[in-house]
Amino acid sequence: MKKLWKGIPILSLAVVLVLTACGSNKSNSANSSNSAPAGSSAPASSAVPEGPKYNFRLAETHPADYPTTKGDQKFAELVKERSNGRITIDVFPGSQLGEEKAVIEQVQLGAIEFTRVSAGALGGFNKEYEAFSLPYIFDNEDHQWKFLNSEDGTKLLDSLESSRMKGLAYYSSGSRNFYSSKPLNSIKDLKGLKIRVQQNKVNIDLMNALGANATPMPYGEVFGALQTGIIDAAENNFPSYLTSNHYQKAKNLILDQHQRVPEVLLISKLAWDKLNPEDQQLIKQAALDSVATQREEWSKFEKDAEAKVRESGVNIVEVSDLKPWQDAVKPMIERYRAEFGAILDAIDKARN
Ligand code: BDP
């Protein structure tokens with residue numbers, strides 16, 4: 001009798017404490033991970049699964065129907081399912097939580113727990129990620145994925161820890177092409193153009209190598225800048241060119257495929273360190289398992305986006321010979337070999 005009487009309140013008290021400490025209040029989700037130290041665990045019970053309760057936020061630039069957002073959503077779904085609803089991740093699409101650079105700063109501070117950003121944006125925070133902005137380092141999608149899935153690719157995800165983040169998985173992003181409000185028939189037409197680039201140093205050198213002027217700015221400002229003529233051109237893959245509506249303002253597209261910059265799903269190092277090893281493993285695996293969905297969605301959406309862009313009457317120039325483009329950037333890549341030799345060797349190795 002005594003035992004039974006004593007056991008019940010202790011158990012219910014523990015349940016109440018865990019629920020209160022973890023605050024399932026969504027509007028307060030940024031702080032919820034702070035208030036529930038990893039390692040504290042709820043008592044075993046079918047009603048409250050083991051471990052602390054979390055409600056996290058994930059920042060995404062793209063709209064809800066974009067392939068990266070679908071990957072994020074799959075990731076959140078898997079985490080929820082595998083934790084029996086104990087860990088929830090709310091995906092905020094459409095830059096609701098800010099532009100990528102600002103979001104990364106928040107992630108470093110632990111104010112936003114998760115984000116999916118371009119490796120190009122990470123280049124502004126972690127030197128090694130700038131290597132992804134080097135042109136023509138990957139032959140095609142297959143070569144890129146061989147590298148991303150290799151040990152060296154995984155090491156690069158882990159290297160984000162030195163920048164107070166933890167890389168969880170890569171997502172597909174196709175290849176990037178230039179587009180402009182001015183005619184773009186060959187590499188020569190880039191000369192003197194003001195071209196928006198992702199905010200890292202390699203992109204500035206790349207524009208110099210092509211005789212253009214780099215204008216680094218956040219993605220969300222590009223449409224307005226094209227409209228007002230602050231810039232003449234920008235560059236991106238088909239899905240972004242379409243969904244950002246840049247195709248309405250910069251109607252000349254040249255398919256030079258200069259870069260393949262992967263997407264990265266990551267967690268704040270501060271949030272990661274508060275999780276117990278089981279939850280870390282659950283989250284890491286869910287991220288990796290969401291890649292298949294993202295890649296499927298990507299290949300469908302990339303084709304649809306290209307078809308829509310073509311239908312819209314954009315003037316598209318195919319590039320049958322990439323040699324003049326590759327030759328123009330060769331000296332720049334050779335210069336960067338001093339800095340990124342190991343990554344470039346690993347990328348070359350992944351070709352076989
Ligand atoms: C798109 C990426 C997005 C970047 C954007 C950019 O998916 O994350 O913000 O490029 O150019 O392809 O900044």
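Helices here are DSSP runs of H or I at least four residues long, numbered from the N terminus. With that settled, the salt bridges of this predicted model come first. In helix α13, R310 and E306 sit four residues apart, which means that about one helical turn separates them. Their side chains meet in a salt bridge at 2.9 Å, N to O. Both ends are partly exposed, R310 at 36% relative accessibility and E306 at 27%.

Helix α6 has a pair with that kind of spacing too: D142 and K146 are four residues apart, so about one helical turn lies between them. The salt bridge joining their side chains spans 3.9 Å, N to O. D142 is partly exposed at 48%, and K146 is partly exposed at 39%.

D152 and K349 also pair up, at 3.6 Å from N to O. This one ties together distant parts of the chain, with D152 in α7 and K349 in α14, 197 residues apart. D152 is partly exposed at 24%, whereas K349 is exposed at 55%. The whole structure holds 31 salt bridges, and a network of them links D139, E334, R337, D345, D348 and R351.

Now for the pockets. The largest has a volume of about 200 Å³, and its lining includes E334, R337, D348 and R351. That lining splits into six nonpolar, one polar and five charged residues, with at least three residues drawn from each of domain 1 and domain 2. The second largest pocket comes in at about 150 Å³. Its lining counts seven nonpolar, two polar and two charged residues, and α13 gives the largest share, four residues.

Key
Residues numbered from 1 in each chain as written. Predicted model: local features only at pLDDT ≥ 70, side-chain atom pairs only at ≥ 80, totals over all residues. Heavy atoms only, no water. 1 Å grid on protein atoms, 1.4 Å probe; cavity = no way out; pocket = protein on both sides within 12 Å on 5 of 7 lines; lining within 4 Å. Points joined across faces, edges and corners; volume = space filled by probe spheres on them. Nonpolar A, V, L, I, M, F, W, Y, C, P; charged D, E, K, R; others polar. Domains from an automatic or database assignment. Helix = DSSP H or I, 4+ residues; strand = E, 2+ residues; numbered from the N terminus. Salt bridge = Lys/Arg side-chain N within 4 Å of Asp/Glu carboxyl O. Buried < 20%, exposed > 50% of the residue type's maximum accessible area, 1.4 Å probe, protein only.
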